[in-house]
Amino acid sequence: MKKYLLLLLLAISFVSCSKKVEVTGKVTGGSTLERIEFIEGSGVATLPLINIGLDKDGKFSGSFDAPKDGIYVLSYGGKQNLIYLKGGEKVNISGNAQNFPMEYVVTGDAKANNDFLKQTQRFLQSYAQKFNMQELVTKKEPEFLKAIQKIETDLSKNIDEVAKTTKADSDVIQWKKNDLASTLLNVMAQYKLN
């Protein structure tokens, strides 16, 4: 009996530590000639982890070992977008071929994290339309620093609010905050060049 219990515990720990991501989905109006690829976004490797074909109905499925939890590049038809995946997840991705993967819907285990990314990105795009970057980087230094602080405060507040409503994981929240800091550092470097 103890042997069976030990085997059961080993099987459960093996399954819970799985790095395999199972992906299914459908691209409405998709071509069987196009391929869906997943590439690790934070690694140095640029080769796809998996290359999945579509069937005649636009459906696809496959699985791959995720080297780590994080951002992956989702590629289809020469277009790319980011998706957050964790090992052991079962993910369903759907969209329309006309705008896939620029716009897609994620369901399954990865829904909360990808809803978080989508909502924060949408807010960032609408927020960025309020600013004239050329005008921002030509301001006097005190005005520029005040504007950068306001941008950082507003975007951080949005990240925290969206994190609460979507119940995103702390890892993806931290990634987004690091992405924001990197973007603001790039703006500050551009200011310094001017």
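Contact here means heavy atoms within 4.5 Å. The model is predicted: local features need pLDDT of at least 70, side-chain atom pairs count only at pLDDT 80 or more, and totals for chains, interfaces and linings use all residues. Residues are numbered from 1 along each chain as its sequence is written, and side-chain values use heavy atoms, with hydrogens and water left out.

**Exercise 1. Describe the order of helices and strands in the protein chain.**

Solution.
- Take the elements as DSSP runs, numbered from the N terminus: helices are H or I with at least four residues, strands are E with at least two.
- Count them: the protein chain has 5 helices and 8 strands.
- Read along the sequence: the pattern is α-β-β-β-β-β-β-β-β-α-α-α-α.
- Turn to contacts between residues at least 6 apart in sequence: 59% of them join residues at least 24 apart.

**Exercise 2. Find the nonpolar cores and the elements that build the largest one.**

Solution.
- Fix the burial classes: buried is under 20% relative accessible area, exposed is over 50%, and partly exposed is in between (1.4 Å probe, protein chains only).
- Apply them: 33% of the 194 residues are buried.
- Define a core: a set of buried Ala, Val, Leu, Ile, Met, Phe, Trp, Tyr and Cys residues joined through side-chain atoms within 4.5 Å.
- The largest nonpolar core has 23 residues, and Ile36, Phe38, Phe64, Ile83, Leu85 and Ile93 have the most contacts inside it.
- Two or more residues of this core come from each of strand 1 (20–28), strand 2 (35–40), strand 3 (50–53), strand 4 (59–65), strand 5 (70–76), strand 6 (79–85) and strand 7.
- A second, separate core has 22 residues, including Leu117, Val137, Ile151 and Ile159.
- Look at Phe64: beyond four places in sequence, its contacts include Val21, Val23, Phe38, Ile50, Tyr72 and Leu85.

**Exercise 3. Is Tyr104 buried or exposed, and what does it contact?**

Solution.
- Locate Tyr104: it sits in the loop between strand 7 and strand 8.
- Tyr104 has a relative accessible area of 9%, so it is buried.
- Leave aside neighbours within four places; Tyr104 then contacts Leu74, Asn81, Leu82, Ile83, Ile93, Ser94, Asn114 and Lys118.
- Check for a polar contact (N or O atoms within 3.5 Å; within protein, one must be able to donate a hydrogen and the other to accept it, and residues adjacent in sequence count only if both atoms are side-chain atoms).
- A polar atom of the Tyr104 side chain lies 2.5 Å from the backbone oxygen of Leu82.
- In the loop between strand 7 (90–96) and strand 8 (105–108) lies Pro101.
- Phe100 and Pro101 are joined by a cis peptide bond, with omega about 5°.

**Exercise 4. Place Lys176 and Asn158, and list their contacts beyond four places in sequence.**

Solution.
- Lys176 lies in helix 5. Its relative accessibility is 6%, so Lys176 counts as buried.
- Lys176 contacts Phe116, Leu117, Thr120, Gln121 and Ile159.
- Asn158 lies in helix 4. Its relative accessibility is 9%, so Asn158 counts as buried.
- Asn158 touches Thr120 and Phe123.

**Exercise 5. How many salt bridges are there, and what does the Asp169–Lys86 pair link?**

Solution.
- Set the rule: a side-chain nitrogen of Lys or Arg within 4 Å of a carboxyl oxygen of Asp or Glu.
- The count is 8 salt bridges.
- Asp169 and Lys86 meet at 2.5 Å, N to O. They link distant parts of the chain, 83 residues apart: Asp169 in the loop between helix 4 and helix 5, Lys86 in the loop between strand 6 and strand 7.
- Asp169 is partly exposed, at 26%. Lys86 is partly exposed too, at 23%.
- Asp154 and Lys150 meet at 2.7 Å, N to O. Both lie in helix 4, 4 residues apart, about one turn of the helix.
- Asp160 and Lys177 meet at 2.9 Å, N to O. Asp160 is in helix 4 and Lys177 in helix 5, so this pair ties together parts 17 residues apart in sequence.

**Exercise 6. Examine Lys167 and its backbone angle.**

Solution.
- Lys167 lies in the loop between helix 4 and helix 5 (170–193).
- Its phi is near 60°, a positive value in a residue other than glycine.
- Lys167 has a relative accessible area of 64%, so it is exposed.
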